[in-house]
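Q: How should one read charged contacts and a metal site from the atoms of a model? Please take the features in turn.

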Amino acid sequence: MHRVLSLSVALALSTTATAQTPRPAQPPPPILIKAGRLVDGRSDAVQTSVGILVEGERIKAVGPLAQIQGQAKDARVVDLSQMTVLPGLIDAHTHLLLQGDPTAESYNEQLLYQSTPYRAILAARNARIALEHGFTAIRDLETEGAMYADVDVKRAVSRGEVPGPRIFASTRAMAPTGMYPIVSDNWELELPHGVQPVDGVEAARLAVREQIAHGADWIKYYSDRRYYFGPDSVLHSWVNFTDDEAKAIVDEAHRLGRRVAAHAIGSDGIAAALRAGVNTIEHGDGITDSLMDVLVAKGVYWVPTVTVGVYVAGPRGGAWGAMVAHERRAFARAVKKNVKVVLGTDAGGFPWTEVNQAKELEYYVEYGMTPLQAIKSGTSLAAELLGSSDIGAVAAGMYADLVAVQGDPLKDVAELQRMKFVMKGGTVYLCSSCGVAVSTF
Ligand SMILES: [Zn+2]
């Protein structure tokens, strides 16, 4: 009762305060971006001498510079006439709460000796790095033992407390008991888990509900582990969940309006995830031609995370080097088969401070995409995967998430590792000489 009364008083006070301040704050003046060249994320043609009018968080108009200039009399001008402008990049597979785990020791160190608050501080630092590298949206695919801290980082970023990309969070992920680190022979110790351990159909549904209640935008589970090449030269794996458990996860997530990502590296894990009805296959090194056909038929996305595979292959040894080579060959075939390949790096599996996520685009071109295909995989197609219709392209009505580079990324896609300008939601976060205030924290 007391609480209700307090709330009424607060509401009354705020109404009074509003009444006493009739003039709302002036909106910031619009911004006119002069783009030398525009790759808009959707079309195959590069446009030259383009005007982009930004009002508040969104793009108001895009068109020939002379035409847009006419509608932008009071706008502040950002002169990118010597640059190529693109939509902000999207990384569909990251771990903000992880600082690289090439070995079991480096993983255990973080879960055993670092508090979740400490890891969240590093996550905020990582979010800033991602944004400065031109990534204006990320799908963060689980916290690796840091519970729901990704939702806290997302909240701080979306409220403008710290700089970072738009975050699609998936909280804890799931694996059955004993099938995800940390696993130890010392049964006397209850060690922290990198996931939420889930056993049985009812527990699977409960875990999905818990994660969504705590802010999960996506649900992730681990479809497989223990990868090995069989005598058939196919990359196999041990499947984690029973089909009934995996289907319960997917069904409950879909029932509650969430999509599902499955970690699936071996062909057996990929096949099991597809039987369960997941929306995205993560890593997918062991994907075969017949599995590719299933992805195409079902509209499932493949997020290859090449950067992390290359990074961990040396330290992990074993089959990992051969897995990278296997994935490279599969990638070229998948592009020919029109599999929806979406850019994802697994940043956090490698240290955020060492490797620029945009390296992933360079691998995609090496592996068989054109630069434009690689750019679409990290912009418009990634937005489609996210089910987010107002990011991933430069067009009127979309969020003003824009980046720019000096050279021509269609000639050299590595240019995207040298960002010169980053805007998210109409706020400029990176700009060397463009005549408008840069948000500083
Ligand atoms: Zn990952």
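Q: How many salt bridges does a search of the whole structure find?
A: Side chains of opposite charge can pair when their charged atoms come close. In this predicted model, the search of the whole structure finds 21 salt bridges.

Q: Which parts of the chain does the pair R58 and D390 tie together?
A: The side chains of R58 and D390 meet in a salt bridge, at 3.4 Å from N to O. R58 belongs to strand β3 (residues 58-64), and D390 to the loop between α14 (380-386) and β17 (402-405), so the pair ties together parts that are 332 residues apart in sequence. The relative accessible area of R58 is 31%, which makes this residue partly exposed.

Q: Where do E132 and R128 lie?
A: Both are in helix α4 (residues 116-132), four residues apart, or about one turn of the helix. They form a salt bridge whose closest N and O atoms are 3.0 Å apart.

Q: Are these two residues, E132 and R128, buried or partly exposed?
A: The cut-offs are needed here: buried means under 20% relative accessible area, exposed means over 50%, and partly exposed is in between. E132 has 31% and is therefore partly exposed; R128, at 34%, is also partly exposed.

Q: What is the case for E252 and R255 in helix α7?
A: The two residues are three apart in that helix (residues 243-255), about one turn. Their salt bridge has its closest N and O atoms 2.7 Å apart. E252 is buried, because its relative accessibility is 1%, whereas R255 is exposed, with a relative accessible area of 53%.

Q: Which residues are linked with E252 and R255 in a network of salt bridges?
A: The network also takes in R205, R209 and D251.

Q: Turning to the metal, which protein atoms are the donors of the zinc ion?
A: A donor here is an N, O or S atom within 2.8 Å of the metal. For the zinc ion, the protein donors are H93 (NE2), H95 (NE2) and D346 (OD), which lie 2.0 to 2.2 Å from it. Water is not among the atoms, so a site may look incomplete.

Q: What spacing do the donors of the zinc ion follow along the chain?
A: The spacing is H-x1-H-x250-D.

Q: Are the histidine donors H93 and H95 buried or exposed?
A: H93 is buried, with a relative accessible area of 0%. H95 also counts as buried, at 2% relative accessibility.

Conventions. Residues are numbered from 1 along each chain as its sequence is written. This is a predicted model: local features need pLDDT of at least 70, side-chain atom pairs count only at pLDDT 80 or more; totals for chains, interfaces and linings use all residues. Side-chain values use heavy atoms; hydrogens and water are left out. Donors are N, O and S atoms within 2.8 Å of the metal (3.2 Å for Na, K and Ca); water is not among the atoms, so sites may look incomplete. Buried means under 20% relative accessible area, exposed over 50%, partly exposed in between (1.4 Å probe, protein chains only). A salt bridge is a side-chain nitrogen of Lys or Arg within 4 Å of a carboxyl oxygen of Asp or Glu.
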